[in-house]
Amino acid sequence: MTATVTLPDGTAVPALGQGTWHMGENAAARDAEIHALQAGIDHGLTLIDTAEMYGSGGAERVTGRAIAGRRDEVFLVSKVFPHNADPKRMRAACEASLQRLGTDCIDLYLLHWPGGVPLADTLAGFEGLQNDGLIRRWGVSNFDVAGMRDWLNLAGGAACSTDQVLYHLGSRGIEYDLLPWCRERALPVMAYCPLGQGRGPLQDARLHRLAAEAGMSPAQLMLAWVMHNGDVMAIPKAGTLDHVADNAGASDRRLDADTMAALETCFPAPTRKQPLAIV
């Protein structure tokens, strides 16, 4: 059974989705990227994350092409630049994203990272778009605990759907404070770069050994670990059909206690607070 994560409004979404960072930057790769996203949908990876920043809108265009005729199958996430996060500019940015995506509504719209616009103004922008049917939900990205406290202290701020942050076996800083804080409030986290951008643990011989023992690929083991608690979504990017199929193989994998203990030994959790990692 494909794993899901439940959002605060009760909506169940796939725990494993697809990211699009660095897509739409190279015209020669566009068809392959579109086909990879479409193959991911075929495999059940129907949560797709993109942003107006990625490829200066190019990733949204690729995503729009990939979901054409299949919009109802997809849970679509996009993100707004911080400098576009006041109500007026946010509306223009959202409308431009919708045009590139070829749809009339975004399922989850995120503030890409904290910026100079007052959070209350950003929240007002989200609520205006939601009231007018341009977005269904909203949330944030790259917020640490202090930022999340500020956000949830706003009137209406508790309706936040997620915090999207960097999280993988080699970058576990959020486990010290942010992840427990979100769990106490039943706020799911969305993990970007859950494979570490192909570096770090994915190249570690210990991970390869543990993956082989568990009957998984190294990428599948990393993804299964990210999702193991049931409240973290993972959005790896895959630019080829082989990578898509490999990632999709993690969607229903469960890790036993011995594997979890071995991963904890090889890639230990933080013992002190760390600055929020961002790439």
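The following dialogue examines how several descriptions of this predicted model are justified.

Colleague: Why are helices α3 and α4 called oblique to each other?

Modeller: The axes of α3 (residues 87–101) and α4 (residues 119–131) cross at roughly 45 degrees and come within 8 Å. Angles under 35 degrees count as roughly parallel, and those from 65 to 115 as roughly perpendicular. An angle of roughly 45 degrees falls in neither range, and α3 and α4 are therefore oblique. The crossing in which α3 passes α4 is right-handed.

Colleague: Which residues meet where α3 and α4 are in contact, and what is the chemical character of that contact?

Modeller: From α3, the residues P87, M90, R91 and C94 take part; from α4, they meet D121, T122, A124, G125, F126, G128 and L129. The residues of this contact comprise six nonpolar, three polar and two charged. Glycine is counted among the polar residues in that division.

Colleague: F126 belongs to that contact. What makes the pair of F126 and W138 a stacked one?

Modeller: The ring centres of F126 and W138 are 5.6 Å apart, and their planes differ by 5 degrees. Ring centres must lie within 6.5 Å to pair, and planes under 30 degrees apart count as stacked. Both conditions are met, so the F126 and W138 pair is stacked. Because F126 lies in helix α4 and W138 in strand β7 (residues 138–141), the pair ties together parts that are twelve residues apart in sequence.

Colleague: How do you know that F126 and W138 are buried?

Modeller: The limit for buried is under 20% relative accessible area. F126 has 0% and W138 has 2%, so each counts as buried.

Colleague: Why is the pair of W138 and W151 called edge-to-face?

Modeller: The planes of the W138 and W151 rings stand at 65 degrees, with the centres 5.7 Å apart. Edge-to-face requires planes over 60 degrees apart, so the W138 and W151 pair qualifies. W151 is in helix α5 (residues 145–152) and W138 in strand β7, so this pair joins parts that are 13 residues apart in sequence. W151 is buried as well, because its relative accessibility is 0%.

Colleague: Which residues do ring pairs link into a cluster?

Modeller: The cluster consists of Y109, F126, W138, F143 and W151. The structure holds eight aromatic pairs.

Colleague: What makes H22 partly exposed, whereas C193 is called buried?

Modeller: Partly exposed lies between the 20% and 50% limits. H22 has 37% relative accessibility, so it counts as partly exposed. C193 has 12%, which is why it counts as buried. Neither H22 nor C193 is a glycine, although H22 has a positive phi of about 80 degrees and C193 one of about 50 degrees. H22 is located in the loop between β3 (18–19) and α1 (30–42), and C193 in the loop between β9 (189–192) and α7 (205–214).

Colleague: How do you know that helix α2 is mostly covered?

Modeller: Of the ten residues of α2 (residues 58–67), eight are buried. These are G58, A59, E60, V62, T63, G64, A66 and I67. The elements covering them include α1, β4 (47–49), β5 (75–80) and α3. Just after α2, G69 takes a positive phi of about 80 degrees.

Technical notes: Residues numbered from 1 in each chain as written. Predicted model: local features only at pLDDT ≥ 70, side-chain atom pairs only at ≥ 80, totals over all residues. Heavy atoms only, no water. Axes fitted to C-alpha atoms, helices over the stretch in contact; angles between N-to-C directions. Helix = DSSP H or I, 4+ residues; strand = E, 2+ residues; numbered from the N terminus. Parallel < 35°, antiparallel > 145°, perpendicular 65-115°, else oblique. Left-handed = near helix turned anticlockwise from the far one by under 90°. Contact = heavy atoms within 4.5 Å. Phe/Tyr/Trp six-rings, centres within 6.5 Å; stacked < 30°, edge-to-face > 60°. Buried < 20%, exposed > 50% of the residue type's maximum accessible area, 1.4 Å probe, protein only.
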